[in-house]
Amino acid sequence: MNWQRTYARVARAAAQRLDATVGNAAARLAGVTAGEETTFLGRPIVSMEPRSSITVGQRCTFISGPRYTALGVARPVVLRCLLPNARISIGDDTGASGVTVCSASRVEIGARCMRGVDVVICDTDFHPLWPVRRRWEPIPLPEPADAVTISEDVFIGARSIVLKGVSIGRGAVVGAGSVVTSDVQANTVVAGNPARLLGDVASHAGRRAARR
Ligand SMILES: CC(C)(COP(=O)(O)OP(=O)(O)OC[C@H]1O[C@@H](n2cnc3c(N)ncnc32)[C@H](O)[C@@H]1OP(=O)(O)O)[C@@H](O)C(=O)NCCC(=O)NCCS
């Protein structure tokens, strides 16, 4: 029935507008500085510490609800500054579904990056490694080398984890389900646990085109 489809479409659009209103308000009230046309679809989890900052560029989309992305998301977007002075900065035109970003010192994500569903990015191990200390001590103080930098136009596949101290070069691709423990060169494709070099983006893209 036509009127049923129209009704369903209108109801979906209204629900989406409501989710965006709630999400945008929740993110900004929690302290996120977000540029124009940046939308939080669904309510993200945000936490900050004194003098920490979370800045997001323009025209970004953060999806916290499973109905807004093809694969669904397992959890809402999580943006956490874990220690005083920690910084998360995310560039213009980026997209993220159910992503978790935790920073004890600095996580930078460049413009136009795409992060697949449920990606985790963090610049700390959260616990000391010594057996007794790891149970009781607070999060270790960060070292400058722990910062995470993801350059522009990087594509990170679904459910990947980017660990402390990693830099990912411009235009690189990280395969689904990867654990990135070391630097990734620009315009390369890496995948696996730990993520290993598969080749360069141009030859992967070329091979795909040739297979068609
Ligand atoms: C990394 C990726 C882009 C490579 O695609 P491709 O260029 O077509 O590469 P192929 O499928 O030909 O695979 C090349 C090799 O890499 C391996 N490989 C590909 N993806 C891998 C992954 N995610 N983890 C481990 N190994 C992987 C393949 O097994 C193959 O190994 P082999 O040469 O030993 O047989 C793709 O596999 C991928 O992971 N895409 C991300 C999808 C995604 O998460 N989208 C976001 C949704 S929200």
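Visitor: What volume does the largest pocket have, and how is a pocket recognised?

Guide: The search runs on a 1 Å grid over the protein atoms alone, where a pocket is an open set of points with protein on both sides within 12 Å along at least five of seven lines, and lining residues have an atom within 4 Å of a point. Grid points are joined across faces, edges and corners, and a volume is the space filled by probe spheres set on the points. Here the largest pocket has a volume of about 260 Å³. Please keep in mind that this is a predicted model, in which local features need pLDDT of at least 70 and side-chain atom pairs count only at pLDDT 80 or more, whereas totals for chains, interfaces and linings use all residues. Residues are numbered from 1 along each chain as its sequence is written, and side-chain values use heavy atoms, with hydrogens and water left out.

Visitor: Which residues lie nearest the centre of the largest pocket, and how does its lining divide?

Guide: For the division, Ala, Val, Leu, Ile, Met, Phe, Trp, Tyr, Cys and Pro count as nonpolar, Asp, Glu, Lys and Arg as charged, and the others, Gly among them, as polar. The lining of this pocket holds 17 residues, with Asp125, Pro140, Leu141, Glu143 and Asp146 nearest the centre, and it divides into 8 nonpolar, 2 polar and 7 charged residues.

Visitor: Which strands does β9 pair with?

Guide: Strands are DSSP runs (E, at least two residues) numbered from the N terminus, and two strands pair if DSSP finds at least two bridges between them. Strand β9 (residues 100–103) runs parallel to β6 (residues 78–81), to which 4 bridges join it, and it also pairs in the parallel sense with β12 (residues 120–122) over 3 bridges. Between β6 and β9, Cys81 stands opposite Ser103 and Arg80 has Cys102 as its bridge partner, while Val101 of β9 is matched with Ile121 in β12. Strand β3 (residues 45–47) is in turn joined to β6 by 3 bridges, also in parallel, and there Ser47 has Arg80 as its bridge partner.

Visitor: Are the two faces of β9 buried or exposed?

Guide: Buried means under 20% relative accessible area, exposed over 50%, and partly exposed in between, with a 1.4 Å probe and protein chains only. Both faces of β9 are covered, since Thr100 and Cys102 on one side and Val101 and Ser103 on the other are all buried.

Visitor: What is the strand order in the open sheet of 6 strands?

Guide: The order is β1-β4-β7-β10-β13-β16, with parallel pairing, and the edge strands, β1 (32–34) and β16 (167–168), each pair on one side only. Within this sheet, 4 bridges join β7 (residues 87–90) to β10 (residues 106–109), and Ile88 stands opposite Val107.

Visitor: How many aromatic pairs does the structure hold?

Guide: Rings of Phe, Tyr and Trp (its six-membered ring) pair if their centres lie within 6.5 Å, and planes under 30 degrees apart count as stacked, over 60 as edge-to-face and the rest as tilted. The structure holds 1 aromatic pair: Phe40 and Phe62 are stacked, at 4.7 Å centre to centre with 10 degrees between the planes. This pair links distant parts of the chain, with Phe40 in β2 (residues 39–41) and Phe62 in β5 (residues 61–63), 22 residues apart.

Visitor: Why does Cys102 form no bond with the closest cysteine sulfur?

Guide: A disulfide is a pair of cysteine sulfur atoms within 2.5 Å, and the structure holds 0 of them. The sulfur of Cys102 is too far for a bond because the closest cysteine sulfur, in Cys122, is 6.5 Å away.

Key. 1 Å grid on protein atoms, 1.4 Å probe; cavity = no way out; pocket = protein on both sides within 12 Å on 5 of 7 lines; lining within 4 Å.
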